[in-house]
Amino acid sequence: MTLSRRGFLYGAGGLLGAYAFADALWIASASAKPMVMSMPARMKMPTLASPNVPLLNPNSLARFVDALPLPPIARAVEQRTHPAYPGRKLPYYRMEMRAFSARLHRDLPPTPQWGYDGISPGPTFENMRGEPLLVEWVNALPAKHFLPIDHNIHGAEATVPEVRTVTHVHGARVQSDSDGWPEDWFVPGHSLLYHYPGAQDATTLWYHDHAMGITRLNMYAGLFGAFIVRDADEQALGLPSGDYDLPLILCDRLIAQDGQLYYPVSDDPTAPWISECHGNATLCNGKLFPYFEVEPRRYRLRLINVANASFFDLSLSNELSFQQIGSDQGLLSAPLQRSQIDLYPAERIDVVVDFSGFAGNKVQLRHMSEGILEFRVRHVAHTEASVPPATVSVLPATLRPVERIDPKTAVRDRVLVLGEQDDKDGNPITEKPTNNSTETWSFVNITGDAHPIHLHLVRFQIVDRRPFDLFAWNARRELKYTGPAEPAPAHEAGWKDTARCDPGMVTRIAMKFEGEPGKYVWHCHMLEHEDNEMMRPYELLPA
């Protein structure tokens with residue numbers, strides 16, 4: 001099996017002048033001849049090799065015997081100055097990436113992993129809006145990777161070090177030199193100091209490795225954690241807080257019977273990359289089938305999908321519903337009752353669950369109707385015992401206004417095609433929005449996959465999805481719609497940073513570009529796609 005080389009992206013600046021994203025996306029301007037950058041030609045070709053070790057059947061494990069781990073809160077170690085804030089000192093965090101071993105389940109041997117601060121998920125950052133902070137991301141990992149690297153992938157050649165890291169805070173409004181540019185990686189024994197201004201609304205972000213060509217492996221190893229932004233407006237709503245505000249970080253893994261992580265490979269040992277990695281064991285905060293004791297009251301659950309490629313089909317037992325209060329980039333305008341939630345890679349959904357009517361009972365969080373987490377509801381609340389249950393179970397009728405962007409105000413509509421066509425010549429940067437301008441981007445998905453597309457720096461709104469004629473596109477490059485536009489459903493009507501782009505549909509988003517001018521990236525967040533070049537740079541120009 002031969003992996004063809006993709007073309008390079010020229011003009012990206014620095015090392016990204018040779019950033020071979022090609023074969024990842026097929027890019028077209030609404031007013032210009034389409035420019036090719038499609039998914040890798042080999043994207044669908046690899047055949048999975050049979051595992052070389054016996055794999056664990058998760059159904060063989062006893063369920064709900066381990067307590068749900070809650071990641072500790074990250075703590076600043078000192079105060080430091082920064083040139084952007086003369087005469088002021090900022091909280092400084094030092095976050096080491098280290099190898100460690102931990103049990104994923106009571107009945108399994110310890111599993112070797114990598115994690116921030118030597119745990120996975122890593123410590124949870126909590127940041128108030130308008131309060132900047134500094135984080136030194138330190139690579140203290142071993143020099144050799146324990147997962148299979150494909151040296152045919154650009155950026156992961158045999159000539160570069162095996163172990164490289166660079167951290168991206170997903171969804172953060174941050175300047176480009178602190179965004180986790182994929183080729184700003186550094187090796188064990190080195191570090192980078194990043195500055196996070198905290199200039200955004202309260203929301204659930206998360207951080208993870210973003211190193212060129214091996215993001216899928218580094219995240220599979222455990223390099224991720226939650227990053228929560230708070231603000232006074234959200235705090236004034238009286239939503240569950242403190243011990244009643246929980247991050248639930250979900251991923252799936254394949255695990256060998258000896259407890260080792262197993263990452264699937266192709267049947268070609270010289271080119272082990274596979275198009276998507278799906279596991280049969282669902283981890284919640286790093287545990288298989290954990291339980292968590294709750295009081296008979298409402299809790300806020302921050303659902304975060306950090307899986308390589310899988311989505312989660314989530315529901316609750318006992319006919320209990322979620323009250324969704326937020327999406328990727330903050331609160332919805334009002335709570336939304338939902339009995340079932342699809343959570344795609346990199347997406348976050350904030351929900352409130354009311355356990356007040358289930359004292360002494362058990363409630364399961366389920367994926368595909370199978371329990372992955374058990375809530376054990378105590379008979380009485382440890383706090384607020386004198387407060388009537390109805391009082392602690394009522395949500396505000398309104399949360400935060402979400403002013404919809406009128407697509408007609410866009411200065412440009414870009415048509416960006418997600419396809420499968422080899423690009424041997426490569427493309428320069430074609431997306432160069434101007435700071436403080438509004439644009440719409442229309443993703444035309446001509447593949448058979450739903451791609452979660454993530455834009456760095458900006459928050460956006462999903463405008464609509466619309467079916468189109470794939471045959472007309474393939475024959476004449478004609479975008480011919482076959483049905484009416486479908487507006488974003490209520491649960492996607494808030495601010496987003498990752499959009500599910502369904503096959504056979506044009507997904508249109510609208511955003512105002514606000515931030516520090518510089519070079520950023522946008523990409524598919526199915527990590528095997530991202531690593532094999534389904535990524536593009538864009539440049540934010542000064543106003």
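Trainee: Hi! Is Asp231 buried or exposed?

Mentor: Asp231 is buried, with a relative accessible area of 4%. Keep in mind that this is a predicted model.

Trainee: Got it. Which side chain does Asp231 meet in a salt bridge?

Mentor: That would be Arg400, with 2.8 Å from N to O. The two residues sit in distant parts of the chain, 169 residues apart. Asp231 is in the loop between strand 11 (224-230) and helix 2 (232-235), while Arg400 is in the loop between helix 3 (389-392) and strand 25 (412-418).

Trainee: And Arg400, is that one buried or exposed?

Mentor: Arg400 counts as buried too, at 12% relative accessibility.

Trainee: Helix 2 caught my eye. Which residue there pairs with Arg300?

Mentor: Glu234 in helix 2 is the partner, and Arg300 lies in strand 17 (residues 298-305), so the pair ties together parts that are 66 residues apart in sequence. Their side chains form a salt bridge at 3.2 Å, N to O. Arg300 is buried at 2% relative accessible area, and Glu234 is buried at 5%.

Trainee: Nice. Which residues are in the network with those two?

Mentor: Salt bridges with shared partners join Arg300 and Glu234 with Glu126, Arg230, Asp245, Arg302 and Asp350 into one network.

Trainee: How many salt bridges does the structure hold?

Mentor: There are 36 of them. One of the pairs is Arg106 with Asp107, where the closest N and O atoms are 2.8 Å apart.

Trainee: How accessible are Arg106 and Asp107?

Mentor: Arg106 is partly exposed, with a relative accessible area of 44%. Asp107 is partly exposed as well, at 42%.

Trainee: Switching topic: where is Glu528 found?

Mentor: Look at helix 5, which covers residues 527-531. Glu528 is buried, yet it has no salt bridge.

Trainee: Why does Glu528 have no salt bridge?

Mentor: The nearest side chain of opposite charge is Arg216, at 5.0 Å, and a salt bridge needs the nitrogen and the carboxyl oxygen within 4 Å, so this pair does not count.

Trainee: What polar contact does the side chain of Glu528 make, then?

Mentor: The Glu528 side chain makes one with the side chain of Tyr263, at 2.6 Å.

Trainee: Which other residues does Glu528 touch?

Mentor: Leaving out residues up to four places away in sequence, Glu528 touches Arg216, Tyr263, Trp273, Ile274, Ser275, Glu276, Cys277, Asn308 and Ala309. Arg216 is therefore a contact of Glu528 without being a salt-bridge partner, because the salt-bridge cut-off is 4 Å.

Terms used:
Residues are numbered from 1 along each chain as its sequence is written. This is a predicted model: local features need pLDDT of at least 70, side-chain atom pairs count only at pLDDT 80 or more; totals for chains, interfaces and linings use all residues. Side-chain values use heavy atoms; hydrogens and water are left out. Helices (H or I, at least four residues) and strands (E, at least two) are DSSP runs, numbered from the N terminus. Buried means under 20% relative accessible area, exposed over 50%, partly exposed in between (1.4 Å probe, protein chains only). Lys and Arg count as positive and Asp and Glu as negative; His and the chain ends are not counted. A polar contact is a pair of N or O atoms within 3.5 Å; within protein, one must be able to donate a hydrogen and the other to accept it, and residues adjacent in sequence count only if both atoms are side-chain atoms. Contact means heavy atoms within 4.5 Å.
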